[in-house]
Amino acid sequence: MTLLTHDRYCDEILFQTDRLRAAVDGADLTARVPGCPDWSLRELVVHVGGAHRWAGEIVRTRSAVELPDERVPDAEGPSGGDPAALGAWLAEGAAATVAALREAGPDTAVWTWAGERRTAFWARRMAHETAVHRADAALTAGAAYEVAPDLAADTVTEWLQIVSFAQQSGDPEAAELRGAGKSLHLHATDVPGAEWLIEFDEDGFTWRHAHERATVALRGPMTELMLAFNRRQKPDEGGLEVLGDSGLLDFWLERSSFG
């Protein structure tokens with residue numbers, strides 16, 4: 001599986017934002033979000049729109065350092081409870097961020113919280129941030145959810161890279177993802193090549209694309225696999241199968257739940 005292009009990530013930010021906006025149109029904005037239970041649906045939308053504006057401001061200003069929230073214009077969303085105003089604010093922020101990303105291109109140096117210090121990081125991160133939180137909105141509102149298979153697959157790959165970075169950076173939960181001789185296999189049954197093998201040892205974990213027997217396997221449709229891997233549904237829902245030591249899968253999901 002290969003990375004998508006910079007332009008494709010930009011396209012997906014716009015598309016996923018549009019679908020997120022549609023999912024919350026007419027929904028109860030005070031409803032709690034199952035995947036993010038501390039948030040209401042409105043708070044979820046504000047989080048996404050604020051993240052867009054924050055990343056966009058980093059790119060627009062070519063910032064070499066992390067920007068504090070107060071440096072990001074209009075990041076708190078519109079006042080009041082008008083759903084139309086909230087949706088318009090969400091769309092405007094996504095459009096401005098994509099315009100900044102397209103103007104900068106993928107290789108402009110900017111601050112990121114990971115090892116990759118270029119604008120390509122933010123295009124990919126915001127595409128997946130929006131796609132996963134769109135799933136949160138759809139599940140909250142009872143709306144249908146589907147995502148392009150290649151984007152769903154890249155969401156899994158990106159999250160593995162994030163968890164690996166967290167472990168290397170000393171995150172206490174990620175540091176517990178170890179255990180010599182154990183492995184976890186992810187297998188999307190409807191997308192050729194969409195397989196990941198996570199291998200644990202005494203020092204941590206590594207991952208690669210491979211089809212091999214593992215301590216536990218999670219297999220099924222790509223979108224459902226992505227949702228379960230991102231803890232948006234249970235591993236045995238949506239036509240997924242858990243084969244082997246389900247406790248190891250639970251162990252992974254519990255300790256990769258930051259972010």
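**A walk through the fold, the sheet and a pocket**

Let's start with overall dimensions: for 259 residues, a compact globule would have a radius of gyration near 18 Å, and this chain, with 18 Å, agrees with that expectation. Keep in mind as you look around that this is a predicted model. Along its principal axes, the C-alpha trace spans about 50 × 40 × 35 Å. Eight helices and seven strands make up the secondary structure of the chain.

A good place to go next is the sheet. Five strands build it, in the order β5-β4-β3-β6-β7, and this open sheet has mixed pairing. At its edges sit β5 (204–208) and β7 (241–244), each of which pairs on one side only. From one strand to the next, the twist averages 15°.

Now look at the two ends of that sheet in turn. On one side, strand β6 (residues 216–220) is joined to β7 by four bridges, and these two strands run antiparallel. If you would like a residue pair to find on screen, pick L218, whose bridge partner in β7 is V242.

With β6 and β7 in view, turn to the helices that pack on the sheet. Helix α7 (residues 222–229) touches β3 (183–188), β4 (195–201) and β6, and its direction makes about 145° with that of β3. Helix α8 (residues 246–255) also packs on the sheet, where it touches β3, β4, β5, β6 and β7. The direction of α8 makes about 80° with that of β6.

At the other end, β4 and β5 pair in the antiparallel sense over five bridges. The two strands form a hairpin, with two residues between them. Here the pair to find is I198, which stands opposite W207 in β5.

Finally, let's leave the sheet and look at empty space. Rolling a probe the size of a water molecule over the atoms shows where such space is left. How much space lies in the second largest pocket? The answer is about 230 Å³. Its lining consists of V46, H47, G50, A51, W54, D69, V72, A75 and E76. Sorted by character, the residues of this lining divide into five nonpolar, two polar and two charged. For the two charged ones, look at D69 and E76; the two polar ones are H47 and G50.

Conventions: Residues are numbered from 1 along each chain as its sequence is written. This is a predicted model: local features need pLDDT of at least 70, side-chain atom pairs count only at pLDDT 80 or more; totals for chains, interfaces and linings use all residues. Side-chain values use heavy atoms; hydrogens and water are left out. On a 1 Å grid over the protein atoms alone, a cavity is a set of points where a 1.4 Å probe fits but cannot get out, and a pocket is an open set with protein on both sides within 12 Å along at least five of seven lines; lining residues have an atom within 4 Å of a point. Grid points are joined across faces, edges and corners, and a volume is the space filled by probe spheres set on the points. Two strands pair if DSSP finds at least two bridges between them. Axes are lines fitted to C-alpha atoms, for helices over the stretch in contact, and angles run from 0 to 180 degrees between N-to-C directions. Contact means heavy atoms within 4.5 Å. The radius of gyration is taken over C-alpha atoms; the globule rule is 2.2 Å times the number of residues to the power 0.38.
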